[in-house]
Each structure stands twice: as C-alpha cells, then as structure tokens.
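Colleague: I want to learn how to read cores, pockets and cavities in a model. Can we work through one?

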Amino acid sequence: MKKNYVIVLMLLSACAIIAIACSKGSDDPPADPCSGVTVAVSGTPTNPSTPGGTNGSINATASGGTGLTYSLNNGTFQSSGNFTGLAAGNYTVTARTSAGCTGTQTFTLTSPTPSCSGVNIIVTATATPGGACSSSTTGSINASATGSTGITYSIDGASYQATGTFSNLAAGSYTVTAKDVNGCTGTTTVNIAAPVAGPLFSAVRTLIVNNCQSCHNNSIANGGMNWQVECNIITNKDRIKARAVDNNPSSMPPSGALAQADKDKITAWLNAGGRYSD
Ligand code: HEC
C-alpha cells in the first residue's frame, strides 16, 4: 500500500514540474528592440565665460534611431539636445529613441581661471593673549579682511573657515590668510604675546626648581604634581603652601622643611595674588 502512494506522489510531482516548464515556454519575452542598436551621442560644450559663471552650454546630437529626445543628468527628456545656463562641472547627456533605446555621453565644462590682478585683499588681525601662564593655550586671534567678497580665513595654512576668529592658541606668531571667492588671497602676521612672569612668581619658580623638581617633573610626578609645567605651580599654589609652608599634613620636601626665607617667598607671592604676573 505504502509503496503505491509513493509512486503516485512521484508521478504527480513530475507532472507538476513538466507543467511549470511548459507554461514557462509560452511566456518568453519579446525580442529586445535595442539589441544591435547603438545610439551615439556627440556634441559641442561651451564653457562659462566668467569665473564661477553659469552661461555654459552643451549642444548635443545623436544618431542610431528616430524620434530622439535628450536628457541632462537624468532629468526630463526634451526634443532639443541644446542645454544652456550651465556652470562648470561634469554633465551626462542621454539620448533616447522612440523605441526606448538609449546612449550617453559625458561633457566637462570648465570656468576660466580668475585673475587676481587689481584685487587687493587687506587683512587686519588683533591678538588676545591666553591664560595666566607661559604654556596657556587660550589665546585668540580676531581677523577681518577688506577688498573682495566671499572671504574665508585660514591660520598657518589650516583649512579655510567662514569667520576670522581663531581660539585655543598658544603664545607665538601666526599667519592669517584671507581668500576671496576667486581664490585671491591677502595675508598678515600677528603675534600672541606670552605672559611675562612677575618677580614674586619667578622667585617661587626658582626655589621649586631647586628644592622640589627632582621629585616632581615630566617623568616622575609624585603625588600627581609636575612642577616642570609652570601652569601647575599656579593651579596648585594652595597645595604648595600647605605642604611647603605649613608642613600640612607633612613637610615638602619630605626630607626636611624649607628654609624660612623660601617659605616667605611662597607666602609673599600668594599674598600678592598668586598669579604668573605677580
Ligand atoms: C624627595 C622627593 C620629593 C621632594 C624633593 C618634594 N616632594 Fe612633594 N611629593 C613627594 C612624594 C613622594 C609625594 C606623594 C606623597 C605625599 O603626598 O606625601 C609628594 C606629593 C606632593 C604634593 C601633592 C600632595 C598634596 O598634599 O597635595 C605636593 C603639592 C608636593 N609634593 C609639593 C612639593 C613641594 C612644593 C616641594 C618643594 C618645596 C616638594 N613637594 C618636594 C616627594 C617629594
């Protein structure tokens, strides 16, 4: 009994496969009307007449079929192959026959190189020094330019930006370049002054170099303190006083308290304001 069922099933599925195969044969697509057809597009590009101008054009024609229409960059098809009002750039013209066969051609339009003769871009810049110590990087520059339009600004050759404001700068000399819409440039040099160390700070810095820096420097920063970086002396002045003047909770240097004259220098600097300039 079981065997018979299997044979019947196999016969049924074989018939199904044949049926599908046969019905497929009757659905064959019609022959491709474009096979062997070549639609060739050619044309004359005319570049924009001015730098950045939009009066360029492409006059395209095609062969290889009838009822030809034309499209620019996959836009709407039109009966004329003449496209006007174009800026510099790459363009693809597609031509299509009434049978729907297509061909394409790419055209490149370029603007004339702008002339900078007679363009005089004047850049002025003011510098604001940064924070209260020599290694501060909070200085800024504010630049503006006259003499042309579409100005963007760059500092020391970095990428151009829309505003003339540059911040987070260390003390030093900078070149600001202003560039107009045509790439014509003007430059100026501006200096962010380094803050000047005052006499009280300088005295403290010297005593720290002599008494503390051997254990607090770029390679060994005991207690997280590196006195080789001047800003750290200012930031941590209260800890310096606690350890080196008040011996609280224990004296720094650990081997023995500072001489009274050195303690007095730290106190005098803090009393004056504890700034880099004091
Ligand atoms: C012989 C090495 C040595 C010398 C010299 C030394 N220190 Fe220290 N310092 C340490 C060590 C070790 C620590 C971490 C242990 C501690 O805090 O006591 C430390 C930690 C510190 C701290 C951070 C802890 C806190 O209390 O805030 C400060 C501030 C400090 N020292 C200031 C100084 C000053 C100022 C001098 C010089 C007047 C000095 N040290 C000289 C070894 C030294």
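Colleague: Which residues of the largest nonpolar core touch the most other members?

Modeller: The general idea comes first. In soluble globular proteins, nonpolar side chains tend to be buried together. In this predicted model, the largest nonpolar core has 19 residues. I208, W227, I233, I266 and W269 touch the most other members.

Colleague: Which elements give two or more residues to this core?

Modeller: They are α2 (199–211), α3 (230–235), α4 (237–244) and α5 (260–272). The most comes from α2, with 4 residues.

Colleague: Take I208. What is I208 in contact with, leaving aside neighbours within four places in sequence?

Modeller: I208 is in contact with Q213, W227, I233 and I240. Of these, W227 and I233 are also among the core residues that touch the most other members.

Colleague: On to empty space. How do I read a pocket?

Modeller: Rolling a probe the size of a water molecule over the atoms shows where empty space is left. Here the largest pocket has a volume of about 360 Å³. Its lining has 19 residues, and H216, M225, W227, R243 and M252 are the closest to its centre. W227 thus appears again, after its place in the core.

Colleague: Which elements give two or more residues to the lining of the largest pocket?

Modeller: Those elements are α2 and α4. The largest share, 4 residues, comes from α4.

Colleague: How does the lining of the largest pocket divide by class?

Modeller: It divides into 12 nonpolar, 5 polar and 2 charged residues.

Colleague: And cavities. How many of 30 Å³ or more does the structure hold?

Modeller: A cavity differs from a pocket in that the probe fits but cannot get out. The structure holds 1 of that volume or more. About 40 Å³ of space lies in the largest cavity. Its lining has 13 residues, with G130, S136, A170, A171 and P195 nearest the centre. By class, that lining has 7 nonpolar, 6 polar and no charged residues.

Colleague: Now the whole chain. What is the radius of gyration of the protein?

Modeller: The value is 40 Å, whereas a compact globule of 278 residues would have one near 19 Å. The C-alpha trace spans about 110 × 90 × 25 Å along its principal axes.

Colleague: What percentage of the residues is buried?

Modeller: Buried residues make up 30% of the 278. As for secondary structure, the protein has 5 helices and 12 strands.

Colleague: And contacts along the sequence?

Modeller: Take the contacts with a separation of 6 or more. Residues 24 or more positions apart account for 50% of them.

Conventions. Residues are numbered from 1 along each chain as its sequence is written. This is a predicted model: local features need pLDDT of at least 70, side-chain atom pairs count only at pLDDT 80 or more; totals for chains, interfaces and linings use all residues. Side-chain values use heavy atoms; hydrogens and water are left out. On a 1 Å grid over the protein atoms alone, a cavity is a set of points where a 1.4 Å probe fits but cannot get out, and a pocket is an open set with protein on both sides within 12 Å along at least five of seven lines; lining residues have an atom within 4 Å of a point. Grid points are joined across faces, edges and corners, and a volume is the space filled by probe spheres set on the points. Ala, Val, Leu, Ile, Met, Phe, Trp, Tyr, Cys and Pro count as nonpolar, Asp, Glu, Lys and Arg as charged, and the others, Gly among them, as polar. A nonpolar core is a set of buried Ala, Val, Leu, Ile, Met, Phe, Trp, Tyr and Cys residues joined through side-chain atoms within 4.5 Å. Buried means under 20% relative accessible area, exposed over 50%, partly exposed in between (1.4 Å probe, protein chains only). Contact means heavy atoms within 4.5 Å. The radius of gyration is taken over C-alpha atoms; the globule rule is 2.2 Å times the number of residues to the power 0.38.
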